[in-house]
Amino acid sequence: MIARVRTGDPEAYADLVRAHTGIALRAARALGAGADAEDVVQQAFFKAYCSLGRFREGMAFRPWLLSIVANETRNTVRAAGRRRTLAGREAALIETEPLIPDSADPAAAALEIERRVALLRALEKLSEEHRLVVTYRYLLEMDEPETAEALGWPRGTVKSRLSRALRKLGRLLPEFEPREGGEEGE
């Protein structure tokens, strides 16, 4: 598809945009863009299009795009001179996708919301590099090679930072650690 875009096929790039807009918006919101997420994603797609000449053949598009989204998010947050609050991140993630189906048990739904809020609070306490690696790997559901590519880090760095971040999260969220027998989710 990238080859088609490079030859000037506008529909090919439109296909790429349609295929990756959802994950790009989730990334921008999870990384702190909040209400500016759509602008960040639009700018990221524009920059990606302008930079296609530097896109290496054989690379996956998604991690490359998400690294641009992460940089644009960082630039937007810094340029605005404000830091998104935890409440803003919570609201952005809640807007992104339904957390709990309407048919869910109200008690289970309340517990799931409580867990998500606790996770977001704990993520906020991590360093930026640990927050990024956890966000990419688990919230954006990228595999390890994609995470490494998107962050521009060696795979070993991703593994070690992810391991440290998960240990810190475990200390910050002891009540949500998996119980014996695997009754609770990861």
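A salt bridge here is a side-chain nitrogen of Lys or Arg within 4 Å of a carboxyl oxygen of Asp or Glu. Keep that cut-off handy, and remember that this is a predicted model.

**Stop 1: the whole chain**

Start with a cartoon view. You should see 9 helices and 0 strands, so to speak an α-α-α-α-α-α-α-α-α run from the N terminus on. Now switch on the surface. The chain exposes about 10,600 Å², with carbon and sulfur atoms supplying 51% of that. Of its 186 residues, 41% count as buried. If you draw contacts with a separation of 6 or more, 64% of them involve residues 24 or more positions apart.

**Stop 2: Arg4 and Asp15**

Select Arg4 and Asp15 and show their side chains. They form a salt bridge, and the closest N and O atoms are 4.0 Å apart. This pair links distant parts of the chain: Arg4 belongs to helix 1 (residues 2-6) and Asp15 to helix 2 (residues 10-30), 11 residues apart. On the surface view, Arg4 is partly exposed at 36% relative accessibility, and Asp15 is partly exposed as well, at 26%.

**Stop 3: Arg6 and Glu57**

Stay with helix 1 and pick Arg6, then add Glu57. Here the salt bridge has its closest N and O atoms 3.0 Å apart. Arg6 sits in helix 1, while Glu57 is in the loop between helix 3 (37-50) and helix 4 (61-80), so the pair ties together parts that are 51 residues apart in sequence. How accessible is Glu57, exposed or buried? At 63% relative accessibility, Glu57 counts as exposed. Arg6, at 38%, is partly exposed.

While Glu57 is selected, add Ala3, another helix 1 residue. The C-alpha atoms of Ala3 and Glu57 are separated by 9.0 Å, although the two residues are 54 apart along the chain. Ala3 is partly exposed, with 48% relative accessibility.

**Stop 4: Lys47 and Glu72**

Next, select Lys47 and Glu72. What is the gap between their closest N and O atoms? For this salt bridge it is 2.5 Å. Lys47 lies in helix 3 and Glu72 in helix 4, so this pair ties together parts that are 25 residues apart in sequence. Lys47 is partly exposed at 33%, whereas Glu72 is buried at 7% relative accessibility.

Before leaving the charged pairs, select Arg4, Asp9, Glu11, Asp15 and Arg18 together: salt bridges that share partners join them into one network. The salt-bridge count comes to 11. As background, side chains of opposite charge can pair when their charged atoms come close.

**Stop 5: Glu146 in helix 8**

Jump to Glu146, which lies in helix 8 (residues 144-151). Is Glu146 buried or exposed? Its relative accessible area is 19%, and the cut-off for buried is under 20%, so Glu146 counts as buried. Show Arg62 too: a polar contact of 2.7 Å joins the side chains of Glu146 and Arg62. Setting aside neighbours within four places in sequence, Glu146 is in contact with Arg62 and Pro63.

**Stop 6: the nonpolar core**

Hide the charged side chains and bring up the largest nonpolar core, which has 48 residues. Which residues have the most contacts inside it? Select Trp64, Leu66, Val69, Val133, Val134 and Tyr136 to see them. Two or more core residues come from each of helix 1, helix 2, helix 3, helix 4, helix 6 (106-125), helix 7 (128-139), helix 8 and helix 9 (155-172). Color helix 2 to see the element that gives the most, with 8 residues. Then color by domain: the core draws at least three residues from each of domain 1 (1-80) and domain 2 (96-186). As a general point, nonpolar side chains tend to be buried together in soluble globular proteins.

**Stop 7: helix 7 and Tyr136**

Finish by zooming in on helix 7. Its buried residues are His130, Arg131, Leu132, Val133, Val134, Thr135 and Tyr136. Click on Tyr136 and show what surrounds it. Beyond its neighbours within four places in sequence, Tyr136 is in contact with Leu31, Leu66, Ser67, Ala70, Glu141, Met142, Thr147, Ala150 and Leu151. One of these, Glu141, deserves a click of its own: Glu141 follows helix 7 and has a positive phi, near 55°.

Key: Residues are numbered from 1 along each chain as its sequence is written. This is a predicted model: local features need pLDDT of at least 70, side-chain atom pairs count only at pLDDT 80 or more; totals for chains, interfaces and linings use all residues. Side-chain values use heavy atoms; hydrogens and water are left out. Helices (H or I, at least four residues) and strands (E, at least two) are DSSP runs, numbered from the N terminus. Buried means under 20% relative accessible area, exposed over 50%, partly exposed in between (1.4 Å probe, protein chains only). Contact means heavy atoms within 4.5 Å. Accessible areas come from the Shrake-Rupley method with a 1.4 Å probe; for residues, only the protein chains shown count as cover. A polar contact is a pair of N or O atoms within 3.5 Å; within protein, one must be able to donate a hydrogen and the other to accept it, and residues adjacent in sequence count only if both atoms are side-chain atoms. A nonpolar core is a set of buried Ala, Val, Leu, Ile, Met, Phe, Trp, Tyr and Cys residues joined through side-chain atoms within 4.5 Å. Domain bounds come from an automatic or database domain assignment.
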